[in-house]
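Dear colleague,

Please find the structure we discussed below. My notes on its salt bridges and on one surface patch follow it.

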Amino acid sequence: MMRNNVFPTKGNLLSTKKSMALAKMGFELLDRKRNILVREMMQLIDKANSLRSEINDVYNQAYKALQMANITLGICEDIAKSVPVEQGVQITYRSVMGVEIPTVTIDTSELQMPYGFLGSNSQLDKAYISFYKAKLVTVELAEIENSVYRLANAIKKTQSRANALKNIIIPNFEETTKFITDALEEKEREEFSRLKVIKSSKERKKVEQ
């Protein structure tokens with residue numbers, strides 16, 4: 001008698017119970033990991049929603065300031081070319097339950113105008129400062145949205161593994177454990193009945209003698 005290639009022996013029963021205990025421990029760890037990741041993600045989502053509202057206002061102000069600069073100075077394309085490409089963005093990572101979450105930093109040293117005073121005015125300064133603020137908020141939002149994306153993927157994988165343990169693997173171990181236990185108990189009953197018959201037979205022979 002065999003189930004899923006497992007013979008009903010005491011050794012297999014102990015092995016199956018041990019595997020089941022490990023599976024249950026694995027499920028508990030995965031469930032705890034999922035809860036921590038979900039909590040982390042929800043905090044970031046709240047922050048992202050706040051930043052999305054802020055970034056819209058910041059960009060609206062920046063484009064309005066640029067529009068005023070264009071009106072007072074003409075198209076500022078040549079001046080814009082003097083603004084250097086941002087090279088101060090750095091990305092590092094921190095681990096949250098094994099998930100690599102980015103931390104994006106940007107050089108926020110003293111703000112200096114990259115253009116001269118000749119051919120510029122306060123409207124252009126205002127536009128430059130406004131877009132500088134927009135850049136800082138954009139970097140922060142990019143960090144948070146990327147973190148949320150990574151956490152969401154990790155939560156999906158963790159939930160899938162936890163579901164497999166809870167709904168498939170652990171029930172299979174439980175079913176196998178019951179099968180082996182029932183088979184061993186049946187074998188013990190048969191052995192007991194056999195011994196009882198042998199004992200009765202011996203006693204009968206003694207009486208006959």
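**Salt bridges and a surface patch**

Glu-140 has a relative accessible area of 31% and is therefore partly exposed. Please note that the model is a predicted one. The side chain of Glu-140 forms a salt bridge with that of Lys-47, with an N to O distance of 3.7 Å. This pair connects distant parts of the chain, since Glu-140 belongs to helix H3 (residues 122-208) and Lys-47 to helix H1, 93 residues apart. Lys-47 is likewise partly exposed, at 44% relative accessible area.

A second link between these helices involves Glu-145 and Arg-52, whose closest N and O atoms are 3.0 Å apart. Because Glu-145 is in helix H3 and Arg-52 in helix H1, the pair ties together parts 93 residues apart in sequence. Both partners are partly exposed: Glu-145 has a relative accessible area of 34%, and Arg-52 stands at 36%.

Within helix H3, Lys-178 and Asp-182 are 4 residues apart, about one turn of the helix. They too form a salt bridge, with 2.8 Å between the closest N and O atoms. Lys-178 counts as exposed at 53% relative accessibility, the cut-off being over 50%, whereas Asp-182 is partly exposed at 34%. The count of salt bridges in the model comes to 7.

Turning to the surface, Leu-22, Met-25 and Leu-29 make a nonpolar patch of about 300 Å². Of these residues, Leu-29 is located in helix H1 (residues 10-73) and is partly exposed, with 45% relative accessibility.

Yours sincerely

Note on methods:
Residues are numbered from 1 along each chain as its sequence is written. This is a predicted model: local features need pLDDT of at least 70, side-chain atom pairs count only at pLDDT 80 or more; totals for chains, interfaces and linings use all residues. Side-chain values use heavy atoms; hydrogens and water are left out. Patches are made of residues with over 30% relative accessible area and no salt bridge: like charges are joined within 9 Å, nonpolar side chains (Val, Leu, Ile, Met, Phe, Trp, Tyr) within 5 Å. Accessible areas come from the Shrake-Rupley method with a 1.4 Å probe; for residues, only the protein chains shown count as cover. A salt bridge is a side-chain nitrogen of Lys or Arg within 4 Å of a carboxyl oxygen of Asp or Glu. Helices (H or I, at least four residues) and strands (E, at least two) are DSSP runs, numbered from the N terminus. Buried means under 20% relative accessible area, exposed over 50%, partly exposed in between (1.4 Å probe, protein chains only).
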